[in-house]
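Biologist: I should like to learn how to read a structure that is new to me. May we begin with a term that will be needed throughout?

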Amino acid sequence: VDPMCWVLAHKTDEKSFFFDEIVIENTTTAKACDEFYRRYPNHKGKIIINGDASGDNRSCTSEFTNYVIMKKKLASFGYSDVDIRIKAFNPPIKNRVAAFNAKIHSADGNIKLYISPKCEKLLYNIYNLRYQEGSSKIELPTFHQIKQSKELKFLMHPFDAASYLIDFYW
């Protein structure tokens, strides 16, 4: 996917803390792993990968799924405790939006989701993603709009990355 978007988080039983993002244009899964290692070469804890169910599908251009590529590449860097936790299917966008919004500000008034200013593209998504008027469908830019404003190509993918984690656990 161009751009490839990873959002990095620490999760407790109740809260999520998004502390960094890896957003790279025209790249590969292996190169995104390289960037993770460049930023966090001394990470010793468990790494849990959440995301899109389609990342567990192999394509005709690769011997392995994206998740297997990630696990193998991270293991080559010495990260020995890598776990992949994904759903068997992609939940509807409206469900992920609802789960994400409930973490930002729950019905009981508690905030259970925090985002570092380093997560510029995720914040851009939060401030700019909208539903199409009168529907539950997200309004995404057209190819022509993206050609006019390159920043628009970063809509949806960072939010997808964050919302898959939230939906998986809550």
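Modeller: Let us start with burial. A residue is called buried under 20% relative accessible area, exposed over 50%, and partly exposed in between. Please also bear in mind that this is a predicted model.

Biologist: With those cut-offs, is Asn26 buried or exposed?

Modeller: Asn26 has a relative accessible area of 63%, so this residue is exposed. Asn26 sits in the loop between strand 2 and helix 1, the latter covering residues 29-39.

Biologist: What is notable about the phi of Asn26?

Modeller: The general idea comes first. Most residues other than glycine have a negative phi. Asn26 is not a glycine, yet its phi is positive, at about 45°. Met156 is another case: its phi is near 90°, a positive value in a residue other than glycine.

Biologist: Where does Met156 lie, and is Met156 buried or exposed?

Modeller: Met156 belongs to the loop between helix 5 (143-148) and helix 6. Its relative accessibility is 6%, and therefore Met156 counts as buried.

Biologist: Let us turn to the chain as a whole. How many helices and strands does the chain have?

Modeller: The chain has six helices and five strands. Their order along the sequence is β-β-α-β-α-β-α-β-α-α-α.

Biologist: How does one judge the overall dimensions, and what radius of gyration does the chain have?

Modeller: One compares the value with that of a compact globule. For 170 residues such a globule would have a radius of gyration near 15 Å, and the chain agrees with this at 16 Å. Along the principal axes, the C-alpha atoms fill a box of roughly 50 × 40 × 30 Å.

Biologist: What share of the residues is buried, and what share of the contacts joins residues at least 24 apart?

Modeller: Of the 170 residues in the chain, 37% are buried. Among contacts between residues at least 6 apart in sequence, 65% join residues at least 24 apart.

Biologist: What can be said of the surface and of the charges?

Modeller: The accessible surface of the chain is about 10100 Å², and carbon and sulfur atoms account for 52% of that area. The chain carries 24 positive and 20 negative charges, whose mean positions are 2 Å apart.

Biologist: How many disulfides does the structure hold?

Modeller: A disulfide requires a pair of cysteine sulfur atoms within 2.5 Å. The structure holds zero disulfides. For Cys5, the nearest cysteine sulfur is that of Cys119, 12 Å away. Seen from Cys119, the closest cysteine sulfur is in Cys5, and 12 Å is too far for a bond.

Biologist: Are these two cysteines buried or exposed?

Modeller: Cys5 has 12% relative accessibility and so counts as buried. Cys119 is buried too, with a relative accessible area of 0%.

Biologist: Which residues does Ile22 touch?

Modeller: For such a question one sets aside residues up to four places away in sequence. Ile22 then touches Met4, Cys5, Trp6, Leu8, Ala32, Glu35, Phe36 and Arg39. Ile22 is in strand 2, and because its relative accessibility is 1%, Ile22 counts as buried.

Biologist: Ala32 appears in that list. Where does Ala32 lie, and which residues does Ala32 touch?

Modeller: Ala32 lies in helix 1. With the same neighbours set aside, its contacts are Met4, Trp6, Ile22, Ile24 and Thr27. Ala32 counts as buried, at 1% relative accessibility. Its C-alpha is 8.8 Å from that of Cys5, although the two are 27 residues apart in sequence.

Biologist: Against which elements do the buried residues of helix 4 pack?

Modeller: The buried residues of helix 4 (residues 120-128) are Lys121, Leu122, Leu123, Tyr124 and Asn125. They pack against strand 1 (4-11), strand 2 (16-24), strand 5 (113-115) and helix 6 (157-169).

Biologist: Is Arg96 buried or exposed?

Modeller: Arg96, in helix 3 (residues 93-104), has 2% relative accessibility and therefore counts as buried. Leaving aside neighbours within four places in sequence, Arg96 is in contact with Pro91, Phe159, Asp160, Ser163, Tyr164 and Asp167.

Biologist: Which class applies to Asn66?

Modeller: Asn66, in helix 2 (residues 66-76), counts as partly exposed, at 34% relative accessibility. Asn66 and Tyr164 are 98 residues apart in sequence, with their C-alpha atoms 16 Å apart.

Technical notes
Residues numbered from 1 in each chain as written. Predicted model: local features only at pLDDT ≥ 70, side-chain atom pairs only at ≥ 80, totals over all residues. Heavy atoms only, no water. Helix = DSSP H or I, 4+ residues; strand = E, 2+ residues; numbered from the N terminus. Rg over C-alpha atoms; globule rule 2.2 N^0.38 Å. Buried < 20%, exposed > 50% of the residue type's maximum accessible area, 1.4 Å probe, protein only. Contact = heavy atoms within 4.5 Å. Areas by Shrake-Rupley, 256 points an atom, 1.4 Å probe, with all protein chains shown as cover. Lys, Arg positive; Asp, Glu negative; His and termini not counted. Charge placed at Lys NZ, Arg CZ, Asp CG, Glu CD.
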